[in-house]
Structures are given as C-alpha cells and as structure tokens.
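Trainee: I should like to go through the reasoning behind several assignments in this structure. Please show me how each value is set against its criterion.

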Amino acid sequence: SPIEYAAAKIAGNANPPDWFPDEHIPAPRIVKGEAGVAMMACGSCHLMTGQGHPEAADIAGLPAEYLIRQMNYFKSGARKDDSRMGPIAKATSDEDVRRSAEYYAALKPSAFVKVIETATPPKTYVNTAGRHRIPVPEGGTEPIGSRIIQVPEDAMRTQLRDPHSGYIAYVPPGSIARGEALVKTGGSRKTVACALCHGDDLRGLGEVPRIAGMQPVYLARQLICLQNGSSAGTAAALMKKVVAKLSEEDIISISAYLGSLPPR
C-alpha cells in the first residue's frame, strides 16, 4: 500500500487503517471512524473489506436486511454478546446501522482463509494483543485432536489489519468430506440440508446469509451459540432445531467444509 499511518493512530478501535481505499466504495463514518462515532468503528474488527478476523464475522456481501436485523437482535439482547456487540449496537443509531449495512452489503466477498487437513498442525498460543492464535516462536507441531486451529498467514500484517493477508485453518483429517455429507444431506443426524435455506451454492438466498467461504472458527462458534441459545430470533429458533443433534465433530466438519468453499 502507498498509504502510511502513525502507529499510535491505528492502534485502537476508533480509527481503523484503510490500506487500499481504491478497492471499495466510499465508507460511511461509522465504518471508517471519525469524530462522533460513539464506540468502535466497524472497520476495526470487520476490516474495511468486511472479511473480518476470526473473533469477528465476515460480513462482506451479506444482505443489508440481514445485517440490520442482527444489529437489532444485539441491541435488544436477543442475540447475546455483552462484552462487545451488545454495547456497540446499543450505542449505534439506526441510521448508522443502516449506512454500515448498506456499505458492507455492496462489497464483494473474497477468499480469506485456506483450509488444510492435518493431524499435526503447528504448535500455537493465543496472542492476546491480536486476539488470535499464532505459532510458538520455537516452532514444532502438536496433535490437532478435536479442534480447528486457525492462524494468520502473517501475524504482523494481520495485526496491522491488512485485508490482503488472510488465514490458514487446520482441521482434522477427513473433516471436509464428513462436513460435505452433513451439509448436503444431513447425514445420519437427519438434520436439514443447508442448501434449503442458504441456496444451492450456499452463497445466500434472499435475506438468508452466505455461509460458503466463511472462516471455520467463526462458523463453529455460531453453531455452538445456536445450540446453547445465546443466539435468538425467528431464524435462530429454527436453526437451533436444525443443529440440536450435531456433535462437536459434526460442527468441526461442517465448519471445515463450508470454509473450504469459494465465497462467490
């Protein structure tokens, strides 16, 4: 990028860097951050491109109506995130929510994660400053067990919110094929095939969001939230029934398969 920023200016959550402004439409103030934005600017977690990091959602190209509805759920407490999105939604005006939703809906999603099956991913630890896992400095591997291990391709570029630097998600061997069977047919769990609501290509249908190409860690977290009831609303109530019988292995497999798909 030809753009330079003072490190202190982009260190917080009020002024996210926009390294490639020519690659997207002009962003509203609630996304890019400026005076008058009550809390975090949307671009600080979801990036200016909407791809987001694993602790946030990939919202690029999602229907504006869906994004507005989710913000209303956060605002009412129907969807629970008391440490982050709940307070942000309550502090954000309806107009800013609408402008942000329309901005992200207009963006084209792009692949931001590479899914790799392995029994021995790199040994990692949670980097608290960046809120993501990174390989330990001394190197080495460890058994994957029943986990998804997602790490930045380049930790420094990720910390600087570079939208051109994505992630690698390590998943257990065989999980992509198992996930495909569950997504397409419901498998032995006798749950509903995902295409019924999310479209044949899983890239969204009407106001129902895309799930193809989402980051596996995020997908797994949302499926767990649907199971335990921390996500509510009409669609969430339906989804809770769909995912009720899924095991931990099922959730990992579904998330691995969906993450491996192109987002568009």
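Mentor: This is a predicted model. Let us begin with T49, which lies in the loop between α2 (42-46) and α3 (64-76).

Trainee: Why is T49 called buried?

Mentor: The relative accessibility of T49 is 18%. Buried means under 20%, so T49 counts as buried.

Trainee: What makes the pairing of the side chains of T49 and Q51 a polar contact?

Mentor: The two side chains are joined at 2.6 Å, and the cut-off for such a pair of N or O atoms is within 3.5 Å. Leaving aside neighbours within four places in sequence, T49 is also in contact with A60, Y104, L107 and P163.

Trainee: How do you know that the span of α3 is close to the expected one?

Mentor: Helix α3 has 13 residues and reaches 18 Å from its first C-alpha to its last, against 18 Å expected at 1.5 Å a residue. Buried residues in α3 include A64, Y66, L67 and Q70, as well as M71, Y73 and F74. Just after α3, G77 adopts a positive phi of about 90 degrees.

Trainee: What are the closest approach and crossing angle of the axes of α9 and α11, and why is α9 called oblique to α11?

Mentor: The axes of α9 (residues 216-228) and α11 (residues 248-260) come within 8 Å and cross at roughly 140 degrees. Roughly antiparallel requires over 145 degrees, and roughly perpendicular covers 65 to 115; α9 is therefore oblique to α11. Their crossing is right-handed.

Trainee: Which residues of α9 and α11 meet?

Mentor: From α9, P216, L219, A220, L223, I224 and Q227 meet I251, I254, S255, L258 and G259 of α11.

Key
Residues numbered from 1 in each chain as written. Predicted model: local features only at pLDDT ≥ 70, side-chain atom pairs only at ≥ 80, totals over all residues. Heavy atoms only, no water. Helix = DSSP H or I, 4+ residues; strand = E, 2+ residues; numbered from the N terminus. Buried < 20%, exposed > 50% of the residue type's maximum accessible area, 1.4 Å probe, protein only. Polar contact = N/O pair within 3.5 Å; in protein donor to acceptor, adjacent residues only side chain to side chain. Contact = heavy atoms within 4.5 Å. Expected span 1.5 Å × (residues − 1). Axes fitted to C-alpha atoms, helices over the stretch in contact; angles between N-to-C directions. Parallel < 35°, antiparallel > 145°, perpendicular 65-115°, else oblique. Left-handed = near helix turned anticlockwise from the far one by under 90°.
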